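Welcome, and please load the model in your viewer. Set it to a cartoon view and keep the selection panel at hand.

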Amino acid sequence: TVIDLDRAAELYRERDYAGALVIYSAAARNGTIAQKQAGLLATARIQNETGKHGDAARTIQAFRATASPSAEQDRQALLLLGSSLFAKGDFGPARTALEQYMELDGPALAYAQIYLAQIDSRDGELDSAADMIAQAVQADLPADTSSQAHLLIAGIAVPRQTPDAATRS
C-alpha cells in the first residue's frame with residue numbers, strides 16, 4: 001500500500017473509513033516516524049468515532065510511545081484518549097488524560113471541561129462540576145455542544161431533595 005496521507009485524509013473526510021484505515025495502517029507499520037505517528041493518531045480517531053473505544057485507547061497509547069510526538073499531536077492524543085476512556089466508562093484514567101490535556105492548555109479546552117464536569121457530576125462532586133461546565137460555556141462552542149453543556153448545567157443545578165424534605169412539602 002502506498003503511504004499517501006493526503007489521500008487517507010480525503011477518504012476520511014468522505015467517511016470512507018475502511019479506505020483511510022488501509023493507508024493509515026500502512027503508515028503505522030511501515031512509514032517514517034512522522035508517518036507512523038500520523039497514522040496511529042488518525043487510526044485512533046477513526047476507532048473512537050466508530051465506537052471502538054478500547055481499540056482507540058490502545059492505539060493512542062502506542063502513539064504516545066513513539067519517539068517525540070509534537071506538542072500539538074500529544075495534546076490531540078490526550079483529548080482523544082480522555083474521550084475514548086470516558087466512552088468506555090474508565091472514568092479515573094479518563095480524568096487523568098483530560099487533566100493532562102488541560103495542563104497543556106489545548107485549543108479544545110472546553111471539550112475537556114465538559115467531559116470532566118460529567119465525571120465530577122457522576123462522582124457527586126456537583127460544585128466542581130458546575131464550576132467546570134460554567135468555564136466551558138464561556139467558549140465559542142458549536143450549537144449542539146453548547147446545548148449539551150447547558151443541559152449538563154441544568155442537571156447539576158436541579159436541587160436534590162432528600163426523602164425528609166419531600167414529605168414536608
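The tour goes from the whole chain to a helix, then a helix pair, then a single residue.

**Stop 1: the whole chain**

Keep everything selected for now, and bear in mind that this is a predicted model. Colour by secondary structure: you will find 10 helices and 0 strands. Following the sequence, the pattern reads α-α-α-α-α-α-α-α-α-α.

Now switch on a surface. The accessible surface of the chain is about 9200 Å², and carbon and sulfur atoms account for 51% of that area. Of the 169 residues in the chain, 39% are buried. If you draw contacts between residues at least 6 apart in sequence, 46% of them join residues at least 24 apart.

**Stop 2: helix H2**

Select residues 17–30, which form helix H2. Does its length come out as expected or not, judged by its end C-alpha atoms? At 1.5 Å a residue, a helix of 14 residues should span 20 Å, and the end C-alpha atoms of H2 are 19 Å apart, so the two values agree.

Next, show the side chains of Tyr17, Ala20, Ile23 and Tyr24, which are among the buried residues of H2. Gly19, Ala26, Ala27 and Ala28 are buried in H2 too. What do the buried residues of H2 pack against? Add helix H1 (5–13) and helix H3 (33–49) to the view, and you have the partners.

**Stop 3: helices H6 and H7**

Hide the earlier selection and pick residues 91–103 for H6 and 109–122 for H7. Their axes come within 10 Å and cross at roughly 145 degrees. The crossing of H6 and H7 is left-handed.

To see the contact, show these side chains:

- From H6: Phe91, Ala94, Arg95, Leu98, Glu99, Tyr101 and Met102.
- From H7: Leu109, Ala112, Gln113, Tyr115, Leu116, Ile119, Asp120 and Arg122.

Colour them by class, and the contact of H6 with H7 shows 10 nonpolar, 1 polar and 4 charged residues.

**Stop 4: Gln47**

Finally, centre on Gln47, which lies in helix H3. Is Gln47 buried or exposed? Its relative accessibility is 14%, and buried means under 20%, so Gln47 counts as buried.

Leaving aside residues up to four places away in sequence, Gln47 touches Lys52, His53, Asp55, Ala56 and Thr59. Try a distance label between the C-alpha atoms of Gln47 and Thr59: they are separated by 8.8 Å, with the two residues 12 apart along the chain.

Key:
Residues numbered from 1 in each chain as written. Predicted model: local features only at pLDDT ≥ 70, side-chain atom pairs only at ≥ 80, totals over all residues. Heavy atoms only, no water. Helix = DSSP H or I, 4+ residues; strand = E, 2+ residues; numbered from the N terminus. Buried < 20%, exposed > 50% of the residue type's maximum accessible area, 1.4 Å probe, protein only. Contact = heavy atoms within 4.5 Å. Areas by Shrake-Rupley, 256 points an atom, 1.4 Å probe, with all protein chains shown as cover. Expected span 1.5 Å × (residues − 1). Axes fitted to C-alpha atoms, helices over the stretch in contact; angles between N-to-C directions. Left-handed = near helix turned anticlockwise from the far one by under 90°. Nonpolar A, V, L, I, M, F, W, Y, C, P; charged D, E, K, R; others polar.
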